Structures are given as C-alpha cells and as structure tokens.
Amino acid sequence: MKTRFTLINLGLYPETLPPCFVSKDAKRAFHGIVGKLDDNQFHERKTEYVRYSGTKHDGSRRFFGTPNIISYFYISSFVWKNWKHFESNYARSEYSIGAPMLMGESDERAVKVPSLSELSKRASKNLRFAPFVLKADIAQCFPSLYTHSIAWSMHGIESSKSDTDRSSEANFFNALDFFVRNGQRGNTRGVLVGPDAYRLIAEFVLAKLDTELKQAVGHLIVGAVRHVDDYYIGLRTEHEAQSVLSYLRDVLATYELNLNDQKTKILSSLEPINDLWAQRLRDHMGFFGFAIRPEKIERAITEAVTYAREIGSDSPVKILFRAFDEGRVYRSFHWGFVEQNIQRIIQKHPHAIDYACLLVAKRKALGEPIDLEGWQAVAEIIIRKCLALNHDHELLWMLWLLIICEIDIPPAMIEELSKYRNAHVRALLVQAHVDGKIKRRPKLSLGSGLSTVDSGWLVNLVARSQGFSGASFSGLYAEEFSHLAGRHIKLLDFGEHIVHVKEENRRAISRTRYGYDNNEDEDDRQSYDALGHDHFEDREPF
C-alpha cells in the first residue's frame, strides 16, 4: 500500500453513493496534523458514522456507513503500516478467490474485490470431480463480525484474550480492534459496510477461518472456493458434506459468526452456479449504437422486467441498464423511448436507480437533450416517498441527478430536504448551494457548535470548510476539524464526474467504482446460483 491515505482518498465513502462524494483531497488537507494524530492514536475518542439506507436486489434494505474521517485515518494508517501482514494472511487461504486487490492512485476506488464471474471459473476448476457441493453463506457477515476477532485472527484467541492492551507490542492488532471500535461508538459487534478498509479487515478474518477449516477437515474436501462470505465446497459423499458443514459451523461460531441456514444447502455438483435466467436474458441484450432496432429495445425491456417480476429481484433491470451502456443507447435515435421506460422502471425497481441516473447523466454530459420536465416529475415522486420512508439511496441519487442536469428543484422541496437528518443529503445540499447549483439557501439549523463526533460530522465539516457556516467546532476532534476546514478540504465535487463522462468512449457506469471490471462478462457478475443468491448485490458490501 503506497501511503496511509490510499484508503482515505479513494475508499472513505460507500461505493453506492453518487459520484459527487469524493475524498481525494484528504492527503493534502491532513498535512500538518499527521504527527499529532499519531501521538494521540490511543486516546479513546469514540465517534459515530453517517448511516446510509441502501437498497438490495430483493426489495429489502441494507445499511452502509461513512466513518468519521479522523477515526478512519487511524484505521487506514494501521492497514498501511501492517500491509505485509494482511497480504500474508490472504495468501494462506487456499479457498478464497475474493481477496481484495489494491488499485492505483488514478483509479476510482482503493480496493477491488474480484467479481462473481471469477467464481464460476474457479469453482469449476477447484471442485474437480466432486459429486456433491456444500453451498454455505455467512449470515450478516459484516454486521456480525466481532471486532475482537480481528486480533484473534492475527495472534490467536487465547493469546489475544490474555493481552487486550490497545497499545500492546506483542498483540499489535489490538490497536486495529480499538480503532475500529472508536469509529462505531465503541461497539464490538459488526463493522461498517461500504468503506474499503473494512473489506480488507473482513477478508483478513475470513482468510483465517479458511485455514482453520482446512486444518480441521481439509482431508475430506476435494476442493473449495470462497468469495467473501460465500462458500462452495466439493465433497465425495453427502455424509462427508454433513461432517464438513458441522465443522464449518463450529469454526464460525468460535469467531462469533453463524451460517445463513436458508442459503446453506448440500447440492449435486451438476446444479448450475449461474442460473439460466441470466443466460437467457443475455440473448436480448445485443445493442449497437445508432443501429439499434426499436423492437429489440422493447423486447429487451420486456424480458428484463418480466424476469425481475418472476424472480423477485431488480438484478435483471440492472443487467438491462448495463446493456444500454454497452450499446451507447444514450447516443441512439431511440433515446426518447428508452428514457420514458427508464422513468417508469425505476419507480418500481429502486435498486437500479443508480445505473439509470448514470445513463441520463452521461447523455446530458454529451450535450444531448433529456426530458427535463419528466425527470423533474419523477424525482419529485421518488424524493417525497423517500423522505417519508427514510430511503437515503434513492433520494440521494435523484437529488444528484436534478443538480447535475440543472433541473429546477422547487423551493418547497428544498425546504423539506433541509429538514431531513441524513448527513449525506444535508452535505450535498450545502455543496450544491455553495456551487450555485441551488439558489435557495437550505435552512439546516446547524447551530453554533458544530459537532465533530456525532453522525452529523460530514455536513458540519463540509459546511465550515466551504464557508456555508462560520460556527466553531465542538467535541473531541474540534482542533483537527478546524485544521481540515482551514485547508478547505473538499468532500463533494459535482464537476469531476461530468468531466470524465464527457469523454466519448468512457462508459456511463464505471466498472471500477460500481462493482465490476472492464475485462469481464457483465451478465455473469449479476447471475444467480441455483439457490437464487445474488452475489454481486450481496457480496458485503454492495
């Protein structure tokens, strides 16, 4: 890992947020206080994170989190200093195909998790001749991960329990346990879903579980693959599969984790990992720019919506929108027909709202016309619904789309949004007003003391650093936040994404930021296995 700011600059926010949430400015802004932060690293200063209610493919919700930037500094610094131990632990696992890989400083994320297309390839090879497959899924992996298990995975359970000193030189991973807990109000249960450092931490623990499972029952296992919290284990007999399942439960329980019984089964190895619906849907997704035939578009939309209804998932719709991106539909003569369908679809399939907004933003950036009136109406319907339900994901994406497409936001809506308590939304409003993108000043009632440790830390730091508020900081990190604000740290940027997507050959939906890579088959990444498990959407995080 190149610097201690790698994970802050490119991995602070959940990747599911709109692309205006950036933190590449952190390294510059932190200049001058790094030494003091290091000196105070073991002070117990608990902070809250900004919670973010996101969508899941099946209509349920998942909470993501943006950690306090100072708390995250300590986590990022520890990972940087001890990266060789992370790499070593990852290498010991013979089953994992999901070990995170570090990206370059010019990329959009700090970490890339291998996609699910890799699963089917590796599973076929590793499972070899095994007639039975144990498919197992860790229940609520990230929200259940015990922070003390971070040190256990490095130093052993007994050794870690005998020395819990946060500054221990022998059990030095105690410090990471402490830093993680400090960033989530002292809680030991669970780690945040979203920021890249927590992906690295989770894989560190899970790789250790792989080695313990192999030591216990490796002689029974023909071959196995694990992708984040999903196991596919090849076995000779159903009896041996039951035995390995029992040991897997025991290993997980030792680390305070459990299996999801509904998604854990023993299957014939002839059962497909990729469900047939994705393969069939792919047959309708060959679009070719200006040559697209309208009847082909209509058939693809019908097939995607039909499959989505039949399997109870928004994943087919996301495949459809990615195909629109591949076919450069935003340059098509048939955009009007596509746009009207997108407007209707996202009101019924909210998990696909991010891809829809990115497609529209791409067309706008290219200077092509969009249905301004229609999008204003759709946004108002969705935003008002989300305000009532506290659905942050859909609200943020529609608000972002209105802003970057320069669509008027009614004063009454701005007033309603100003009362919404989520700091991501409030920070976005602040930056939009400062940049002149919304004329009406949002009445956020930030007060005279801007907290540096509660869940409003993000909007408070943005407001002060961008000159929206002149109030003083309060709380345990007042001095550090004053420094960052004084250096005008930039945590939201509406222009950067638009500059990028103006490039003719750049795709609307980023492969590195939104969960899949340039060189792989997109449809396989969204595929279902025989149990209907959507790996791409349930890979913790995303």
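Start with helix 24, which gives the most to the lining of the largest pocket: four residues. Keep in mind that this is a predicted model.

**Stop 1: the largest pocket**

Select helix 24 as 495-501, then add helix 1 as 6-11; each supplies at least two residues of the largest pocket's lining. Next, show E108, R506, S510, T512 and R513. Of the 28 lining residues, these lie nearest the pocket centre. The volume here is about 490 Å³. Colour the lining by class: 10 residues are nonpolar, 10 polar and eight charged.

**Stop 2: the second largest pocket**

Move to the second largest pocket, with a volume of about 330 Å³. Which residues are closest to its centre? Select Y49, F63, P143, V191 and V193, out of 19 that line this pocket. Now highlight strand 2, residues 61-66. This strand gives the largest share of the lining, five residues. By class, the second largest pocket is lined by seven nonpolar, five polar and seven charged residues.

**Stop 3: the cysteines**

How many disulfides does a search of the whole structure find? The count is zero. Select C20 and C357. The sulfur of C357 is the nearest cysteine sulfur to that of C20, at 11 Å, and C20 is in no disulfide. C20 has 1% relative accessibility, so this residue counts as buried.

Stay on C357 and add C405. The sulfur of C405 is the nearest cysteine sulfur for C357, 8.3 Å away. A disulfide needs the two sulfur atoms within 2.5 Å, and C357 is in none. C357 is buried too, with a relative accessible area of 0%.

Technical notes
Residues are numbered from 1 along each chain as its sequence is written. This is a predicted model: local features need pLDDT of at least 70, side-chain atom pairs count only at pLDDT 80 or more; totals for chains, interfaces and linings use all residues. Side-chain values use heavy atoms; hydrogens and water are left out. On a 1 Å grid over the protein atoms alone, a cavity is a set of points where a 1.4 Å probe fits but cannot get out, and a pocket is an open set with protein on both sides within 12 Å along at least five of seven lines; lining residues have an atom within 4 Å of a point. Grid points are joined across faces, edges and corners, and a volume is the space filled by probe spheres set on the points. Ala, Val, Leu, Ile, Met, Phe, Trp, Tyr, Cys and Pro count as nonpolar, Asp, Glu, Lys and Arg as charged, and the others, Gly among them, as polar. Buried means under 20% relative accessible area, exposed over 50%, partly exposed in between (1.4 Å probe, protein chains only).
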